[in-house]
Amino acid sequence: QWYQRRVLGNGKWEAFKGSDVQLEFVRIDPFVRAFLVPDEGGVFKVGFKVPDVYGVYQFKVDYDRVGYTHLYSTTQVSVRPFHHTEYERFIPSAYPYYASAFSMLGGLFIFSFVFLYHKDTAVEKAKKTE
């Protein structure tokens, strides 16, 4: 929920339905620039993924149209990436890496079993004939 704006129409206050209101998520330059979408009550909303970069950012709305009051709003927020202990335990996009690790473990087990318990019959026959 970002901002609610009303306009006077037909003698009563109605929800503003502008489709050109933009929100910028700015550090030095805008990282995200998205259009705010109004709902039935005139509340503007938008959803986006925050960049995975440390910094102090600002939410900025600068709406300046002829016939409307100039709207300028900024809110400053701090962003930090997750610590290594704050991520999910098993990340679905990493399943191929999990599979490769377990396949290497299985391959090492099979190689060790064959290496330790394989008997070379040609060498044993040569020892017996001597």
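**Exercise 1. Two rings from distant strands**

Task: Determine whether Y57 is buried or exposed, and describe the aromatic pair that Y57 forms with F31.

Solution. Step 1: Y57 has a relative accessibility of 0% and therefore counts as buried. This value, like every other one here, is computed from a predicted model.

Step 2: For the partner ring, F31, the relative accessibility is 37%, so F31 counts as partly exposed.

Step 3: A pair of aromatic rings is described by two quantities, the distance of the centres and the angle of the planes. For F31 and Y57 the centres lie 5.3 Å apart and the planes stand at 80°. Planes over 60 degrees apart count as edge-to-face, and the pair of F31 and Y57 is of this kind.

Step 4: The pair links distant parts of the chain, since F31 belongs to strand β5 and Y57 to strand β8 (residues 55-63), 26 residues apart.

Step 5: Ring pairs also place F31 and Y57 in a cluster with F25, F48 and F59. The structure holds 9 aromatic pairs.

**Exercise 2. Rings and a surface patch in the helix**

Task: Classify the ring pair of F113 and Y117, and state which nonpolar patch includes these residues.

Solution. Step 1: The ring centres of F113 and Y117 are 5.2 Å apart and the planes meet at 50°, so the pair is tilted.

Step 2: F113 and Y117 are both in helix α1 (residues 95-117); because they are 4 residues apart, about one helical turn separates them.

Step 3: Y117 has a relative accessibility of 59% and therefore counts as exposed.

Step 4: Both residues belong to a nonpolar surface patch made of L108, F109, I110, F111, F113, V114, F115, L116 and Y117, with about 1,100 Å² of accessible area together. One member, I110, is placed in helix α1; at 54% relative accessibility, I110 counts as exposed.

**Exercise 3. Assembling the open sheet**

Task: Work out the order of the 4 strands in the open sheet and identify which strands stand at the edges.

Solution. Step 1: Begin with strand β4 (residues 22-26), which pairs with β5 in the antiparallel sense over 5 bridges.

Step 2: β4 also pairs with β8, again in the antiparallel sense, over 3 bridges.

Step 3: β8 is joined in turn to β9 by 9 bridges, and these two strands run antiparallel. Within this pairing, F59 stands opposite T75 in β9.

Step 4: Joined together, the pairings give the order β5-β4-β8-β9. β5 (30-35) and β9 (71-79) each have a single partner strand, so they stand at the edges and one side of each is left without a neighbour in the sheet. On average, neighbouring strands of this sheet are turned by 15° against each other, direction ignored.

**Exercise 4. The surroundings of E24**

Task: Name which residue of β5 stands opposite E24 and which residue of β8 does so, then describe the salt bridge of E24.

Solution. Step 1: In β5, the residue opposite E24 is R33.

Step 2: In β8, the residue opposite E24 is K60.

Step 3: The side chains of E24 and R33 meet in a salt bridge, with a distance of 2.9 Å from N to O.

Step 4: E24 has a relative accessible area of 21% and is therefore partly exposed.

**Exercise 5. The other salt bridges**

Task: State how many salt bridges are counted, and examine those of R65 and K45.

Solution. Step 1: The count comes to 3 salt bridges.

Step 2: R65 and D20 meet through their side chains at 3.0 Å, N to O. This pair links distant parts of the chain: R65 is in the loop between β8 and β9, D20 is in the loop between β3 (12-15) and β4, and they are 45 residues apart.

Step 3: With a relative accessible area of 34%, R65 is partly exposed; D20, at 28% relative accessibility, also counts as partly exposed.

Step 4: K45 forms a salt bridge with D39, and their closest N and O atoms are 4.0 Å apart. K45 counts as partly exposed at 41% relative accessibility, and D39 is partly exposed with a relative accessible area of 29%.

Technical notes
Residues numbered from 1 in each chain as written. Predicted model: local features only at pLDDT ≥ 70, side-chain atom pairs only at ≥ 80, totals over all residues. Heavy atoms only, no water. Pairing = 2+ DSSP bridges. Axes fitted to C-alpha atoms, helices over the stretch in contact; angles between N-to-C directions. Phe/Tyr/Trp six-rings, centres within 6.5 Å; stacked < 30°, edge-to-face > 60°. Buried < 20%, exposed > 50% of the residue type's maximum accessible area, 1.4 Å probe, protein only. Patch = residues over 30% accessible without salt bridge, like charges linked within 9 Å, V, L, I, M, F, W, Y side chains within 5 Å. Areas by Shrake-Rupley, 256 points an atom, 1.4 Å probe, with all protein chains shown as cover.
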